[in-house]
Each structure stands twice: as structure tokens, then as C-alpha cells.
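Please keep the model open in your viewer and make each selection in turn as the tour proceeds.

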Amino acid sequence: MKNKELHNIKSTGFKTPDDYFDSVEEKIFSKLNTESVLDSVNTPGFKVPDNYFESLNERVLNKALSEEKPKVIPLFSKTNIIYVSSIAAAILLLFNLSIFDSKPTFDNLDIETVENYLEDESISTYEIAALFSDKQIDEDIIIDFNFNEDNIEEYLLNNADIETLILD
């Protein structure tokens, strides 16, 4: 059967006795007619204790009136309070984190971003100067830079357009 194909197999592999399907109905009906299952039962199989129904009402009432206290699980136990308070603390921390703050600060602004904004918005130097107060300009800032006449003159010659200075 190693090299045989399925369409070459002619036997099913199952065997039944001779005349099995011809006589099976007769055998089943003859058995049912001769034997009755209920005829062999002599006792019902259930037995009720003596005076069971007479004392049933008393037993039911006694069980209903008995004061057995059910097991009570307290709502505010230590573990529940700890769980609830830890969840509340986690939610409070989540809302107080700085990741939700979308206010930009001067520390996290790029210089290029500020320069691009000032160039694109065409803000004049007078408007920028109006934003600064006298308190913001500190002597320490001015002292740190070397502002002498030679440095100022060199800066103006290299970086400033004389025509715009005259017009302003």
C-alpha cells in the first residue's frame, strides 16, 4: 500500500456480519416487546425520612429566624485607602508635571527663531526699544562690552548702511 493511489483501493476496510442490516430491526423490536424496563422496577428509589413533611415548616422557620451574621467586608479598609490614595497621588503628579506647560520661556527659545520672527514681522527698532524698560538695561551689561569710540565707529562702518542712519 506504499505506492498505491487512493483510486486504486477497492476495499473499505470495514466488515459487518452477514445479513446484519436485514435482521437488525427485527431484533430490536422483539427485544422491546418482550422486556419492559418498568416491569423490573419494584421500588421507586427515593425514600423520605419519617415525619419529614410534618417538621418541615418548623425547620424552615428556624433557619430563617436564626441570627447568623454574614461575612462583612469593610469598604474603608487600610489597603483600600492606600490604593485609592496612591492612585490619587499619581494623578495629581501627572497633572502637575511640566510636560503640560506649553508656555515658552526664554531659556528654551532658539536665537535663530527669534531672529527669523523679528525679520519676518518687520518690527522696527523703536518697537523693540519700547519693550525694554530702564531697569532691564543694567550697568553690568554695558560694562561687560568694550564700548569705546573706535569700536563703535568700526561697527558702524562695517555693518550699518549710512543712508538708513541718515533717514532714521
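Begin by selecting Leu109, Val114, Tyr117 and Leu118, whose side chains make up a nonpolar patch of about 330 Å² on the surface of this model, which is a predicted one. Within that group, centre the view on Val114, a residue that belongs to helix 4. Is Val114 buried, partly exposed or exposed? With a relative accessibility of 37%, Val114 counts as partly exposed, because the partly exposed class runs between the limit of 20%, under which a residue is buried, and that of 50%, over which a residue is exposed.

Keep that selection on display and add, in another colour, Asp110, Glu112, Glu115, Glu119, Asp120 and Glu121, which gather on the surface as a patch of negative charge. Glu112, one of these residues, lies in helix 4, the run of residues 111-120, and Val114 of the nonpolar patch is found in helix 4 as well. Glu112 has a relative accessible area of 59% and is therefore classed as exposed.

Next, move to the loop that joins helix 1 (20-34) to helix 2 (56-65), and select Asn51 there. What is the sign of the phi of Asn51, which is not a glycine? The phi of Asn51 is positive, at about 55°, and this deserves a careful look at the backbone because most residues other than glycine have a negative phi. The relative accessibility of Asn51 is 55%, so that Asn51 counts as exposed.

From this loop, step back to helix 1 and select the whole of it, residues 20-34. Helix 1 has 15 residues, and the distance from its first C-alpha to its last is 21 Å, close to the 21 Å expected at 1.5 Å a residue. How many of the 15 residues of helix 1 are buried? The count is zero, and helix 1 is accordingly described as hardly covered.

Finally, clear the selections and colour the protein by secondary structure, which comes to eight helices and zero strands; followed along the sequence, the pattern reads α-α-α-α-α-α-α-α. If you then switch to a surface representation, bear in mind that the protein exposes about 18200 Å², of which carbon and sulfur atoms supply 58%. Of the 168 residues in the protein, buried residues make up 0%, and the absence of buried residues in helix 1 can be viewed alongside that figure.

Definitions and conventions
Residues are numbered from 1 along each chain as its sequence is written. This is a predicted model: local features need pLDDT of at least 70, side-chain atom pairs count only at pLDDT 80 or more; totals for chains, interfaces and linings use all residues. Side-chain values use heavy atoms; hydrogens and water are left out. Patches are made of residues with over 30% relative accessible area and no salt bridge: like charges are joined within 9 Å, nonpolar side chains (Val, Leu, Ile, Met, Phe, Trp, Tyr) within 5 Å. Accessible areas come from the Shrake-Rupley method with a 1.4 Å probe; for residues, only the protein chains shown count as cover. A salt bridge is a side-chain nitrogen of Lys or Arg within 4 Å of a carboxyl oxygen of Asp or Glu. Lys and Arg count as positive and Asp and Glu as negative; His and the chain ends are not counted. The place of a charge is taken as NZ of Lys, CZ of Arg, CG of Asp or CD of Glu. Helices (H or I, at least four residues) and strands (E, at least two) are DSSP runs, numbered from the N terminus. Buried means under 20% relative accessible area, exposed over 50%, partly exposed in between (1.4 Å probe, protein chains only). The expected span of a helix is 1.5 Å times one less than its number of residues.
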